[in-house]
Amino acid sequence: MEIEPKPSDELSRFLDSGIYELPNSNAVFIDPVRILNRSYSRFRVSPSSYYSRFFESKHSAQEPNLSSNPKKRKRKPKKLPHSLNETEQAADKRHQEVRPLLLKAHESLLVSADFPAIMSKIRSDFCSSTELSGGDEEHSFVELGRVWQAPLYDITLDFKFSRLKSETDNGENGINERRVLPVFNNLVVNDTPEEVEAEFLNRRYLLPSMSCFYMLNLIVVSTLWLLILHGKTEVLVRNQCMYPTLPNRYFLSLPIKQLTHRGGALVALWVTNREKLRTFIEKELFPAWGVRYVSTIYWLKVKGDGSLISDLDLFHHRPYECLLLGYCQGKEMDSNCHSEFRSIKDEHIIISIPGGYSRKPPIGELLLEHVPGVKPARCIELFAREMLGGWVSWGNEPLHFQDSRYFETVNT
């Protein structure tokens, strides 16, 4: 009888948390599906739906070492132009500076003793999960939020406190409560330790435990003040890539200083590798927000077999994105806060298999150790497209990835 070897302590922690610290490296590998599913009990994010872009099919996921179809054309790395302009030269300089660190982090993943077991487990989860269902098209919250009927739309929340005990039923039956709330321009809260099922226009959505969302038309920036009344925040994550139709100068008016806790706030900003955008953030946006830049985290994207999703030197399609960290001064900030933020390790690297287009990995837990002020931190994600347990999700489509088609029921 064959006995499976006992997993290492590091692997066991990864299976529980979804986070694997790579040894002798300034990098971590994460499984976004495992991290997200820590906020659910009766449902789980389907690995098949999350990783559909980089596991072409369940058959190919089971046989990752098979050679690809020779007739299928592969995109060749785009060579650098013969003559780079000033902006391109600056972008290439940034890339060349971080390139050795990215290569070292990737190599650390590939040579890790637990790497085969980690990828095998993710692949197994993918193959055993429910494939993304078709059916009716998903709602476009961006369009629905613009119509005149938007203030009339309601969302119905079904609370099932199956794990809580009441005096009336002694805990033998689940306690059901239904709440009907405006879905737009309203703070919708799930303050329970379990996920909540919700219905909106005949589609089902899942709200993770201890979460809330505020969905609105993004032009109405002043509605952020409502969130201030519910407590200022220590962590703010914004996604520059989600809303490319908005001009950069629109973001200068976001009231980041007003959202900041009196003890200060950590601001984390996702950006693409466009040099003009980086310059705008460093020279205009962060100064306008009162944010002092302290560090950059790199998100390195890999396929299901651990290889990079594209050539590292592909000029306009790098296999990584950047998360800029900065500190926004609070009213009670002193010199100790400056010292704390200077200690943040620069050029930290997070490696993961990407999800859907523009879907960012859930890295809030990795940021919390750098957050000043009171604990637990109060966190908000601006321009969110999904909800996270313990966070406020603000934007014009925070329910996008909460559609039930991205989940599957947990067998008990």
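## Helix α10 and its kink

Helix α10 spans residues 275-289, 15 in number, and runs 20 Å from its first C-alpha to its last, close to the 21 Å expected at 1.5 Å a residue (that expected span is 1.5 Å times one less than the number of residues). Helices here are DSSP runs of H or I with at least four residues, strands are runs of E with at least two, and both are numbered from the N terminus.

Keep in mind that this is a predicted model, where local features need pLDDT of at least 70, side-chain atom pairs count only at pLDDT 80 or more, and totals for chains, interfaces and linings use all residues. Residues are numbered from 1 along each chain as its sequence is written, and side-chain values use heavy atoms, leaving out hydrogens and water.

Look for a kink of about 45° in α10, centred on Ile281 (the bend is the angle between axes fitted to the seven residues ending at a residue and the seven starting there). Among the buried residues of α10 are Ile281, Phe280 and Trp289; buried means under 20% relative accessible area with a 1.4 Å probe, protein chains only. Just past the helix, Gly290 has a positive phi of about 75°.

## Strand β13 and its partners

Now for β13, residues 320-328: nine of its nine residues are buried, so the rest of the structure largely encloses this strand. Tyr320, Cys322, Leu324, Gly326 and Cys328 point one way, while Glu321, Leu323, Leu325 and Tyr327 point the other.

β13 pairs antiparallel with β11 (residues 265-271) over seven bridges, with Ala265 opposite Cys328. β12 (residues 291-301) also pairs antiparallel with β13, over nine bridges, and there Tyr298 sits opposite Cys322. Pairing takes at least two DSSP bridges between two strands.

Technical notes
Buried < 20%, exposed > 50% of the residue type's maximum accessible area, 1.4 Å probe, protein only.
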